Amino acid sequence: MWKNEFLPSIRREVKLEIETLSANIQALTDRCNQIEQSIQFLSDKYDTVLGILQATKKQIAGLEVNAKEQADQISKLQEADYGKDCTIDVMQQYLRRDCIEITGIPVLPLDNPKQLVLELGSLIGVSISEDQISTAHRLPDTKKVQNRIIAKFVQRDKREEFYKKKKNLIGKKSSLLPSVQAEMGKSVFSDNKIHINESLTAYRKRLFGRI
C-alpha cells in the first residue's frame with residue numbers, strides 16, 4: 001500500500017512543489033535580469049550626464065574667465081572715459097572763468113540782459129561800463145532755476161569784483177533795478193531776490209544740485 005499508493009502521491013506532490021519553486025526561481029531570475037539591465041541603463045545615462053556636466057563646467061569656467069576679461073576691459077574703458085570727461089569738464093570750466101550767472105531778474109518785454117547786468121552792478125556798488133561786458137544773454141529755465149542770465153566779462157578782475165560784492169544784494173530785490181521797476185505792475189508782477197553765482201558746467205551743477 002505504501003509503495004503503490006502513498007509513495008507515488010508523495011512523489012507527485014514533491015515534483016509539483018519543485019516545478020512551482022523552479023518557476024518562481026525563473027521568474028525571480030528574469031526579474032533580477034530586468035533590474036540589472038535597468039541599472040546598466042541608468043549607469044550609462046549617468047555616465048553620459050556626468051560627461052555633459054563636466055563639459056558644461058569647463059564651458060562655464062571659460063565663460064567666467066571671458067566675462068572677467070570683458071569686465072576688466074569695460075572698467076578700463078570707463079576709467080578712460082571718466083578721465084576724458086574730467087579733462088573736458090576742466091576745459092569747459094576754464095572757459096567759464098570770466099563768467100557769472102545771475103538769477104531772479106524777470107524777463108522783460110524789451111529784454112536787454114547786458115543793460116540789466118549794468119544796473120545790477122550799480123545796485124551792488126560796482127562801477128562797470130558796457131564795454132567791460134563781453135556778452136550777456138538769457139539761459140533756458142530749469143526745473144529748479146528760472147530767470148537766468150549769464151554774463152561774460154572782458155576783464156577778470158572786474159568779474160571778481162562783481163562776484164565778491166554779491167553780499168551787497170542782501171535785502172535787495174529785482175524791483176530796485178530801473179528796467180524792472182519801469183515794468184512793475186505792467187508786465188512784471190513778482191518781486192524776486194537776485195542771486196549771483198559762479199558759472200559752473202552742467203556736471204558741477206549736478207554735483208551741487210543746482211539743476
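## Exercises on a predicted model

In helix α2, the buried residues are Pro-113, Leu-116, Val-117, Leu-118, Glu-119, Leu-120, Gly-121, Leu-123 and Ile-124. The model is predicted, and the exercises below start from this helix.

### Exercise 1. Helix α2

Task: find how far α2 is covered, what covers the buried residues of α2, and how the length of α2 compares with the span expected.

Solution.
1. Count the buried positions: 9 of the 12 residues in α2 are buried, so the helix is mostly covered.
2. Look for the cover. It includes the strands β1, β2, β3 and β4 (195-198), together with the helices α3 and α4 (178-181).
3. Check the length. From first C-alpha to last, α2 reaches 17 Å, close to the 16 Å expected at 1.5 Å a residue.
4. Inspect the residue just after the helix: Gly-125 has a positive phi of about 90 degrees.

### Exercise 2. The largest nonpolar core

Task: state which residues of the largest nonpolar core touch the most other members, and which elements each supply at least two residues.

Solution.
1. The core has 25 residues, and those touching the most other members are Ile-100, Ile-102, Ile-105, Val-117, Leu-120, Phe-162 and Ile-196.
2. Assign the core to elements. At least two residues each come from β1 (99-103), α2 (113-124), β2 (133-139), β3 (148-153) and α3 (156-164).
3. The largest share, 6 residues, belongs to α2.
4. Take Ile-105 as a worked case. Leaving out residues up to four places away in sequence, Ile-105 touches Leu-116, Arg-138, Asn-147, Ile-149, Ser-174, Leu-177, Val-180 and Ile-194.
5. As background, nonpolar side chains in soluble globular proteins tend to be buried together.

### Exercise 3. Salt bridges

Task: from the salt bridges in the whole structure, work through those of Arg-138 and Arg-159, and place the partners.

Solution.
1. A search of the whole structure gives 8 salt bridges.
2. Begin with Arg-138, whose side chain meets that of Asp-111 at 2.7 Å, N to O. Arg-138 is in strand β2 and Asp-111 in the loop between β1 and α2, so this pair links distant parts of the chain, 27 residues apart.
3. Asp-111 has a relative accessible area of 25%, which makes Asp-111 partly exposed.
4. Move to Arg-159. At 2% relative accessibility, Arg-159 is buried, since the cut-off for buried is under 20%.
5. One partner of Arg-159 is Glu-160, at 2.9 Å, N to O. Glu-160 is partly exposed at 28%.
6. Another partner is Glu-198, with the closest N and O atoms 2.4 Å apart. Because Glu-198 lies in strand β4 and Arg-159 in helix α3, the pair ties together parts 39 residues apart in sequence. Glu-198 also has 28% relative accessibility and counts as partly exposed.
7. Finally, Arg-96, Glu-101 and Arg-148 are linked in a salt-bridge network.

### Exercise 4. A nonpolar surface patch

Task: name the residues that make the nonpolar surface patch of about 240 Å², and classify Ile-18 as buried, partly exposed or exposed.

Solution.
1. The patch is made by Ile-10, Val-14 and Ile-18.
2. Ile-18 is located in helix α1 (residues 2-95).
3. Residues three or four places apart in an α-helix point the same way, because there are 3.6 residues a turn.
4. Ile-18 has 48% relative accessibility and therefore counts as partly exposed.

Notes. Residues numbered from 1 in each chain as written. Predicted model: local features only at pLDDT ≥ 70, side-chain atom pairs only at ≥ 80, totals over all residues. Heavy atoms only, no water. Core = buried A, V, L, I, M, F, W, Y, C linked by side-chain atoms within 4.5 Å. Buried < 20%, exposed > 50% of the residue type's maximum accessible area, 1.4 Å probe, protein only. Helix = DSSP H or I, 4+ residues; strand = E, 2+ residues; numbered from the N terminus. Contact = heavy atoms within 4.5 Å. Expected span 1.5 Å × (residues − 1). Patch = residues over 30% accessible without salt bridge, like charges linked within 9 Å, V, L, I, M, F, W, Y side chains within 5 Å. Areas by Shrake-Rupley, 256 points an atom, 1.4 Å probe, with all protein chains shown as cover. Salt bridge = Lys/Arg side-chain N within 4 Å of Asp/Glu carboxyl O.
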